[in-house]
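Got your viewer open? Here is a short tour to click through.

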Amino acid sequence: MRLFSSILCLVGITTAQPSGVPSHCAAVWKTIACAGSQCYSCGDRIEWMRNTQMMSLQEAMSHVANEFQRECGVCDQPPPPPIPAGVHKDCEDDWSNVACDGSDCYTCGARIEWLRSNDGLSLEDAMSRVSMEFGDCSGCVPPPPPPPPPTTPGVPPACSNVWDKIACAGSDCYSCGSRITWVVNNEGYSMEKAMLRVADEFPAVCGDCGRTCESVWDTLACDSNNDCYSCGSRIDWVVANRHVSKEQAMASVALEFPNECGACGGAQPPSPPSPPSPPSPPSPPSGLVLVWNDEFDGNSLDQSKWGFDLGAGGWGNNEAQTYTKEAATVSNGVMKITTTKTSGGYESARVVSKGKGDWTYGKFEVRAKIPLGRGTWPAIWMLPTHWKYGGWPDSGEIDIMEHVGFDEGTIHGTTHTRSGFGGGGNSGKIDKSSSIHSFHTYSITWTSTTIDWHCDGVHYHHYEKKNQGTDQWPYDQDFHFLLNTAVGGTWGGAHGIDDSIFPVVFEIDYVRVYALQSQPQPPTPPSPPSPPSPPVGSFELVTMTYNMYGWNALNNDVLKSRIVDQINGIKPVILGGQELDGKSSEIASRTGLATSHTEQHGLQIFYKSSVLRRISTGSFKLAERDQWGQRVVIWTEFEIISSGIRFTHFNTHWCVCSENSLFKSAQTTAFNMKRALWGPIILTGDFNVAQGYHNSKAIRYLTGSSVSGIKSDVPLIDAHTTGTTLGAGRIDYVLYSGFHKKTSWIPPRAGSDHNAAVAIFTV
């Protein structure tokens with residue numbers, strides 16, 4: 001009751017509607033909208049604009065709709081179209097909601113009908129598309145698909161498990177089950193053939209519908225002792241020797257070889273006798289101490305030790321595969337990276353220890369059996385965790401083992417540094433062609449001055465520190481493991497790809513890291529003066545702004561990988577990106593960051609979803625345009641999960657235009673930031689102020705200086721992180737208010753024509 005009374009005090013009694021208010025705006029006339037502590041009804045705010053700003057009714061409705069898109073946005077829209085037959089109740093409730101993509105706003109209903117009229121989508125597909133485009137239209141997601149028809153036999157358990165999963169081809173989305181049912185009903189397929197067709201159409205989602213035990217009966221599966229069987233012969237052996245039913249044998253073999261024979265599962269397997277405890281790792285040689293290892297004795301990957309690099313995009317080498325989590329499994333004491341050919345290309349895995357296993361110096365040892373065949377490129381390698389000397393190759397790379405399928409049996413060990421990288425890296429090799437089908441032990445011993453490579457204990461390559469600085473020896477920092485199989489690429493695909501070899505499996509028996517007891521550590525440099533201590537329990541917000549030169553760098557695999565590597569090295573909690581040119585999803589996939597918006601005019605806000613919770617998002621247009629079109633500011637309100645503190649991040653890219661036009665952009669930006677009364681503010685962006693900080697009216701205005709007698713109501717602080725060499729001065733800025741700045745810096749130039757800028761704040 002107190003809250004209700006407080007709201008009444010703030011907004012008063014809603015004024016009567018004047019004539020001329022359309023019915024859909026009248027429906028929200030009494031709806032309460034708040035900016036910080038100031039609350040109004042939509043109607044009161046519209047009437048206030050008419051009476052104090054001398055606006056017409058239409059102008060006032062449009063202004064208030066833009067101010068409070070979620071609550072009053074319908075007042076700037078034409079009436080939503082009539083609700084057609086076939087729209088379910090939840091979508092009817094959202095039909096009049098207003099949703100905006102940054103430059104345009106629509107009611108959910110108008111957007112659905114536009115897609116039906118202009119893109120030829122069915123009602124169900126249009127509702128599905130709009131529900132995914134706009135959270136305000138989420139009620140329009142189609143109802144769940146029907147269960148497998150009970151009168152139609154032949155749906156195996158594996159297919160039933162993915163029956164409700166959604167698969168998309170472009171803008172068309174279906175569940176596996178609804179697609180299979182449609183193929184049966186409309187194209188006269190049998191259930192079995194329809195399942196095979198849909199599994200082939202959408203292998204990543206519906207692939208299990210195409211795998212039956214019969215289809216994998218002759219598939220070869222090998223255990224860790226290199227004993228190989230077909231799925232069928234193994235099932236027959238289990239029936240004959242363990243005296244169980246065929247169904248139990250099928251379930252047992254499916255668990256034993258899930259990648260090869262998993263389609264045979266379904267029945268409950270007999271309980272096998274408890275296996276003996278796995279042997280402990282052998283005692284290390286004298287002078288070594290085992291400090292980290294994974295023997296892969298469980299049934300899944302240990303997430304406290306390993307993570308994944310995910311996605312496609314060539315990975316800097318024009319590689320053909322897409323990395324997924326599902327391609328890495330653990331069974332029978334071995335991690336298996338299975339690389340498969342799919343209708344869309346190839347799938348594999350890249351498993352990494354970054355942030356969970358990082359070391360400077362030691363002995364690094366991996367026992368593995370590598371996949372073979374033309375086009376394969378398995379690797380056991382290491383990259384810097386913090387990129388101390390800049391992006392690749394300046395901070396180095398250590399390849400413990402590489403093998404390319406067209407040169408079967410030759411094992412390579414290599415370093416990549418600024419003084420020698422790519423095909424010019426410092427490399428050695430050893431011939432293992434006579435036993436390449438077996439497990440081998442690959443290792444390096446890395447000290448403060450040398451790196452030595454061994455295969456099965458045989459030394460075959462040596463690299464040592466010289467007096468050439470970090471260009472030749474960047475190896476005085478933490479590195480982490482990467483284990484992967486690439487397909488094709490500039491080296492692996494030099495002789496093409498033989499698709500007949502797939503699937504292939506990279507098997508890793510163990511990974512072990514030993515400390516060198518006698519190894520001296522590098523001297524610790526003196527610490528810089530500490531900034532004032534933040535309050536106990538404060539939170540560090542690593543903030544980054546980055547113009548990624550999308551039309552050029554993000555269309556070049558090498559430059560794009562350098563940008564991604566720099567982001568991954570800095571590990572921002574929040575990142576304002578500019579010039580992404582449609583690459584937001586790929587950058588997010590390769591950095592593990594979430595996106596807060598549908599990309600707008602090349603802008604995106606990336607964030608670490610385990611640390612921040614997205615509360616609300618929005619955008620506003622700047623009046624200024626240039627030859628690249630409309631300029632906008634996007635914003636997201638975040639909550640720090642650990643503390644509940646909220647702040648707002650604004651991100652922009654201003655026009656290439658006159659100083660007066662930039663000053664107008666600054667005024668519009670500050671006016672809209674003033675509405676963000678829910679906590680501290682961060683503003684990142686490429687501001688195109690080529691005149692430099694001291695002469696820029698726009699930046700001086702944003703940072704609190706009076707310009708021609710005008711002063712911003714939201715003075716920000718320059719984090720002093722800008723320093724791109726474009727133009728005549730500083731262009732890229734991190735500005736803030738309400739935070740304590742701990743430190744800031746400019747990383748070395750990576751793949752973009754802009755430097756990134758980084759600041760760490762405490763809240």
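We start with a glutamate and then move to a sheet and its helices.

This is a predicted model: local features need pLDDT of at least 70, side-chain atom pairs count only at pLDDT 80 or more, and totals for chains, interfaces and linings use all residues. Residues are numbered from 1 along each chain as its sequence is written, and side-chain values use heavy atoms, with hydrogens and water left out.

**Stop one: E365.** Select strand β17, residues 362-369, and pick out E365 in it. (Strands are DSSP runs of E, at least two residues, and helices are runs of H or I, at least four, numbered from the N terminus.) Is E365 buried or exposed? It counts as buried because its relative accessibility is 11%, the cut-off being under 20% with a 1.4 Å probe and protein chains only.

Now show what E365 touches (heavy atoms within 4.5 Å): leaving out residues up to four places away in sequence, you get T441, Y442, S443, Y510, V511, R512 and Y514. Zoom in on Y510, whose side chain makes a 3.2 Å polar contact with that of E365 (N or O atoms within 3.5 Å, one able to donate a hydrogen and the other to accept it).

**Stop two: the sheet.** Colour β29-β30-β28-β27-β38-β37, in that order: an open sheet of six strands with mixed pairing (a pair needs at least two DSSP bridges). At the edges sit β29 (594-595) and β37 (740-745), each pairing on one side only. Next, select β27 (540-547) and β38 (757-762), which pair antiparallel over six bridges; V542 has I760 in β38 as its bridge partner.

**Stop three: helix α16.** Add residues 557-570, which pack on the sheet and touch β27, β28 (574-578), β37 and β38. The direction of α16 makes about 165° with that of β27 (axes are lines fitted to C-alpha atoms, for helices over the stretch in contact, with angles from 0 to 180 degrees between N-to-C directions).

Key. Buried < 20%, exposed > 50% of the residue type's maximum accessible area, 1.4 Å probe, protein only.
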